[in-house]
Structures are given as structure tokens and as C-alpha cells.
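Here's a quick tour of the model, written for someone who likes to poke at coordinates. Have the viewer open and follow along.

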Amino acid sequence: MLMRLRTWFERLLEVIVMVLMIALAAEVTIGVIYRTMGISLAWYDEIASILLAWLTYYGAALAALKRAHIGVPGLVQALPRRLRLPLVLVAEGLVFGFFLLLAWVGLEVMDMLATDFLISLPDVSSKYTQSVIPIGAVLFIIAQALNLPETLRAAKAGHIKHQAEAVEVSQ
Amino acid sequence: MTILLLFGCVLALVLINVPIAVALGVVAVVAIVVSHGVDSLPNVALTMFNGATNFPLLAIPLFILAGAIMNASGISRRLIAFASAVLGFIRGGLAMVSIGSSMFFAEISGSAVADVAALGSILIPAMKKKGYPKAFAAAVMSSAATLAVIIPPSIPMILYAVMADVSVVQMFVAGIVPGILGGLGLMGMAYWFARRHHYPIEEVFRLARVWATFKDASWAFMLPLIILGSIFTGIVTATEGAALAVVAALFIGLVVYRELDWKHLKEAMIEGGVQTAVVMLLVATSSLLGVYLTEVQLPQQLAASVSDYTSNKYVVLLLLNILFLMLGMFLHSAAAIILVVPVVLPLALSVGIDPVHFGLIVTINLGIGQQTPPVASVLMVACTIAKADIWEVTKTNIYFIGVLLAVLLMVTYVPITGMGLVEYFYR
């Protein structure tokens with residue numbers, strides 16, 4: 001059941017990330033083409049920047065599911081089990097706490113921004129673009145929760161997964 | 001004192017395996033609440049959003065994507081064939097080919113790990129088959145891959161340019177000469193090994209073969225060259241050039257070579273998206289800490305306190321080189337740039353170091369850091385492919401690291417090495 005949920009959640013995030021990557025590449029390319037034709041699209045860089053922020057938070061949830069965020073597991077891994085488990089719980093608690101806080105303040109800000117609009121597209125409320133913060137935070141929490149049983153099992157066994165395998169192409 | 005406390009807290013959290021991005025965020029939130037109270041918390045959401053909406057950083061996912069598509073389109077094979085035709089006649093031909101292909105691949109890819117994964121998976125087994133020791137094969141491929149972050153485009157350079165608020169284009173141009181020098185130096189070292197251990201030559205030099213392989217690979221390196229040229233001449237920005245690189249990569253993969261399939265494209269997009277998100281989340285949470293650091297002017301305080309001891313530019317450069325070499329041993333380059341550059345940049349500026357020059361020094365340092373255990377992302381990939389022990393490989397790699405260190409010293413103390421082209425074209 002948990003595995004099925006995890007697979008479904010991973011597919012969903014992968015589709016969102018792919019759509020955002022295509023949108024980013026297409027939007028910037030269209031912007032360049034229009035500019036070479038002498039027509040500058042006023043919304044081009046503002047929308048591209050927003051797409052990057054969306055990619056950041058939806059992608060960050062997918063990265064959390066794949067345990068790809070940069071971390072240093074060496075020290076905890078080397079500790080005896082009675083120290084290892086509490087430290088893993090503290091670390092997990094901090095991650096959950098940070099994203100819960102972000103989801104909460106993200107929602108508060110959305111209300112505040114209800115009357116704020118994009119500069120280049122005055123019909124679009126900043127509330128929608130900013131929605132990525134609470135949504136991204138909740139998705140991150142779900143991803144972290146789906147990994148939790150495995151994280152605790154690994155902590156008990158002393159095989160904490162290296163977190164930064166997937167990130168390294170950005171090096 | 002405050003700076004020590006802040007970094008001490010971040011370090012403590014990182015050591016208990018809190019992801020670095022979250023560790024930065026947690027410490028920043030606590031610092032903000034302590035200094036401004038709970039009412040300032042909504043600013044956390046705003047800063048986290050604004051921190052991720054940085055237009056120049058768009059070049060990162062686009063260059064990662066372009067490199068991945070090019071690789072999935074069979075260009076590695078073609079670049080290797082061309083490098084073999086040009087360099088294969090020299091003793092230790094395959095090692096030369098590895099370095100030469102890495103230099104070509106570097107103009108497509110901005111990532112050393114992508115470089116070693118793409119080329120190493122073909123060249124390391126080929127070297128082993130020809131009787132090269134696996135430690136040598138892994139070392140030469142690993143150190144050559146570092147050229148990918150020095151020769152433009154370069155993801156660490158984009159990141160540095162944004163953190164230090166300097167021109168991405170100038171950073172790219174500054175990397176050209178040191179990248180070529182690094183490549184030639186590594187070839188010299190590989191040749192020395194080859195003479196000493198009687199490694200074979202690869203193939204006889206034939207102009208017809210050079211022409212045939214050039215024709216086959218021409219799309220793969222001419223198109224990126226044209227795009228880099230457009231960036232350097234200011235026709236497009238680095239971000240726009242990166243988007244054009246994606247279009248060019250798709251054109252090459254789908255129309256010219258017709259080897260790119262949907263499965264590879266899908267994997268490339270997901271990988272690119274995840275890697276971007278990991279770096280960007282770090283950028284976003286560090287902007288949270290950045291707000292606090294700026295308010296209390298900590299980087300300026302650090303600059304002032306170091307300046308009390310010395311204002312000699314060369315001593316400061318030496319200290320910064322040591323700092324970044326040490327950091328490179330323990331931190332991934334993206335994390336090191338995001339965490340440390342904003343803190344030490346005012347110090348570098350205060351003693352008259354050009355920020356582009358400093359960026360080049362940081363990039364080469366962190367490139368070397370990818371070769372030095374315990375945290376050595378590029379070396380790890382090479383060792384995994386070669387099925388070689390990381391310490392065994394390091395015994396050989398130390399010679400190649402020596403070459404990269406020589407380039408670093410030259411770039412540091414003979415600034416014209418990297419800055420000559422920048423001064424000539426842009427200032």
C-alpha cells in the first residue's frame with residue numbers, strides 16, 4: 001500500500017517537474033525568438049523566474065523523495081545505535097518542523113497577497129504564484145513522511161542512505 | 001562571535017545529517033525570530049519565494065538539460081572518435097583521448113560529474129582493456145572531468161556569478177585559458193606516465209580519419225561553440241544561450257543523429273529538474289540567512305577583522321585558497337559557493353581582489369575539491385566505473401591534482417592568465 005502510494009506520488013512529481021522543465025525551456029526560447037524579431041515580451045523574464053521558483057519547490061519535494069538533498073550522513077552512521085536513533089529523530093523532526101512552519105507562513109502570505117498582482121501581467125494575482133510555497137512545503141512533508149519508515153529502519157540497522165548521490169551533476 | 005555561533009549551529013545540524021538547505025533555513029528562522037520577533041515570520045515565505053526567482057540562475061537547469069540531451073544523443077561516442085583521430089597517435093593515446101574528449105565535452109556540459117559519467121563509462125573500460133592500470137584510468141578520467149567546470153559553460157561559475165553579483169559571461173570567458181592550460185598540463189602528465197610505463201599508442205595519425213570523425217562530430221561541438229560565441233558577443237544572455245543550447249541539443253538528437261528517444265529525454269528532464277531543485281533550495285534558504293547576515297553586516301565585520309591582521313592581497317589570496325581547498329575536501333561545490341562566497345567576498349573586495357578573478361579561483365579550488373576525498377564527487381564516480389579503490393586511485397591522481405594546483409597558483413598569482421581575455425574584451 002505504502003509502496004503503491006509512493007510510486008504514484010513519485011510519478012505525479014515527475015510529471016510536474018517535466019512539465020516545468022519543458023515550460024522553462026520553451027518560454028525562454030520563445031522570449032529570445034520574439035526579441036530577435038524586434039518584439040519584446042514584457043512578461044518573459046518575470047514568468048521565467050516564477051517558473052524557476054515552482055521548479056525549485058516541486059523539484060525539492062521529488063528530491064526529498066529520492067533522498068537527493070545534500071547532507072552529511074557519515075558521523076551519524078559511525079555512532080553507536082543508542083546515539084544514532086535519537087539524532088536521526090531530531091534531524092527528521094527539524095525537517096518536518098521547518099516545512100510545517102513554511103507551509104503555515106506560506107498560507108498566511110497568500111492571504112496577504114490577495115490584492116497584489118504581477119508587474120507584467122496585472123490580471124494575475126501574486127497569490128497564485130506564491131502558492132508554490134505552502135504547496136511545495138506540504139509535498140516535501142509528504143515525501144519525507146513516505147521515506148520515514150525506511151529512514152528509521154536504516155537508522156536502526158546503521159545503513160543511513162547517502163543523501164547526495166543524485167545532486168552531483170550540478171557540481 | 002555571532003558569526004561563529006551561526007556557523008557553529010549550521011555545522012552541528014549538518015553533522016547530524018539535516019540536509020544543508022534545511023539546516024540553513026532552521027538557523028536563519030531562529031536568528032530572524034530572535035532579532036525581529038514572531039511577527040516577522042511571514043517574511044520567511046516571501047524571502048524563500050524571492051530567493052528562488054533569480055533569472056540568471058535559470059541557466060542552471062537549462063545547461064544541465066542541454067548536456068543531458070546531448071549525451072543521450074550519442075555525442076560522447078563521436079567526440080571520443082574525433083579525439084582519438086587527433087590525439088591517438090601520441091604515446092598513451094587513450095589517456096590523451098580521455099583528456100581531449102573531456103575538453104570538448106566541457107563546452108557542452110557545465111558539470112564535472114556529468115562529464116566523468118558520460119565519457120568515463122566508455123573510456124575507463126577501454127583503457128582497462130588496453131592494459132592501463134585501473135587506478136590510472138580512473139585518475140586521468142576524473143581529473144580531466146574537472147575541466148568541465150573551468151571551461152565554459154560552468155554551473156559553479158553561474159552560481160558564483162549570482163552570489164557575487166558579477167557577470168556570468170565574464171566568468172565564462174575567464175575560464176577559457178585556464179581550462180585549456182589545465183587540459184594541456186594534464187596531457188603532459190599523462191604523457192610522462194605513458195613513457196614511464198610504456199602505455200600503447202592508439203592509432204596512426206591519418207588526416208582522412210580526422211576529417212571523417214570531424215564531420216561526424218561537427219554538429220556536436222560546432223553548435224555549442226556558436227551558442228557560446230553568441231553569449232560572449234552579447235547577442236544573447238547566458239540564460240538565453242542555455243535555452244538555445246537545449247533547442248540545439250534537441251535538434252541534434254532528434255534530427256541530425258536521430259538517436260534521442262523519449263525514455264532518455266524523460267530521464268534527462270527529471271534528473272535536470274531534481275538537480276536544479278537541490279541547488280535552488282540551497283539558494284533560497286541561504287537567501288533567508290543572507291537577509292540576516294546583511295542586516296547585522298557580518299561579512300563586513302569579518303573583512304574588517306582580517307584586514308586588522310593583513311591587508312596584503314597575496315596573503316589574503318593564499319588564505320582564501322587554503323580555505324576553499326579545505327572546504328572542497330568536505331563540501332559539495334554548490335554548497336560551498338552558496339555558504340561561503342557571500343561571507344568572504346567583502347574581504348576579497350576590501351583588499352582589491354577583482355570579483356571575477358576571485359570567482360575563477362573559487363571555481364578551480366572547488367574543482368580540485370571534487371578530486372580530494374572524503375567528499376570527492378567526481379573521483380567517486382570514476383572509481384565506481386573503474387571498480388577501483390578510492391585511495392589507490394588517489395595515489396596516482398595526486399600527480400594530476402598537482403597539475404591542477406599549478407594552474408590554480410598561476411591563475412591566482414598571475415591574474416592575466418584568466419583575466420587577460422576579460423580585460424581585453426570587456427573592460
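## Chain A: contacts and overall form

In chain A, 77% of the contacts with a separation of 6 or more are between residues 24 or more positions apart. Keep in mind that this is a predicted model. As for secondary structure, chain A has six helices and zero strands, so reading from the N terminus you get α-α-α-α-α-α.

What about its dimensions? The C-alpha trace of chain A spans about 65 × 35 × 30 Å along its principal axes. Its radius of gyration is 20 Å, while a compact globule of 171 residues would come in near 16 Å.

## Inside and outside of chain A

Of the 171 residues in chain A, 51% are buried. The accessible surface of the chain adds up to about 8,100 Å², and carbon and sulfur atoms own 69% of that.

One spot to look at is a nonpolar surface patch formed by A:I30, A:I33, A:Y34, A:M37 and A:I39, which together offer about 450 Å² of accessible area. A:Y34 sits in helix 1 of chain A, residues 2–36. Is A:Y34 buried, partly exposed or exposed? Its relative accessibility is 32%, so A:Y34 counts as partly exposed. That value also clears the patch cut-off, because patch members need over 30% relative accessible area.

## A:Q130, touching both chains

A:Q130 belongs to helix 5 of chain A, which covers residues 126–130. With 4% relative accessibility, A:Q130 counts as buried, because the cut-off for that label is under 20%.

Which residues does A:Q130 contact, once neighbours within four places in sequence are set aside? From chain A there are A:V109, A:M110 and A:L113, and from chain B there are B:A45, B:L46 and B:F49.

## B:L289 in chain B

Over in chain B, B:L289 is part of helix 14, residues 262–296. Its relative accessible area is 6%, so B:L289 is buried. Ignoring residues up to four places away in sequence, B:L289 touches B:L6, B:L24, B:V27 and B:A28.

For a distance to check in your viewer, try B:L289 to B:A303: the two are 14 residues apart in sequence, with 18 Å from C-alpha to C-alpha.

## Confidence scores

How does the predictor rate all this? The model scores ipTM 0.92 and pTM 0.85. For chain B, the average pLDDT is 89, and 100% of the residues score at least 70.

Key:
Residues numbered from 1 in each chain as written. Chains lettered and ligands numbered in written order. Predicted model: local features only at pLDDT ≥ 70, side-chain atom pairs only at ≥ 80, totals over all residues. Heavy atoms only, no water. Patch = residues over 30% accessible without salt bridge, like charges linked within 9 Å, V, L, I, M, F, W, Y side chains within 5 Å. Areas by Shrake-Rupley, 256 points an atom, 1.4 Å probe, with all protein chains shown as cover. Salt bridge = Lys/Arg side-chain N within 4 Å of Asp/Glu carboxyl O. Helix = DSSP H or I, 4+ residues; strand = E, 2+ residues; numbered from the N terminus. Buried < 20%, exposed > 50% of the residue type's maximum accessible area, 1.4 Å probe, protein only. Rg over C-alpha atoms; globule rule 2.2 N^0.38 Å. Contact = heavy atoms within 4.5 Å. pLDDT = per-residue confidence, 0-100.
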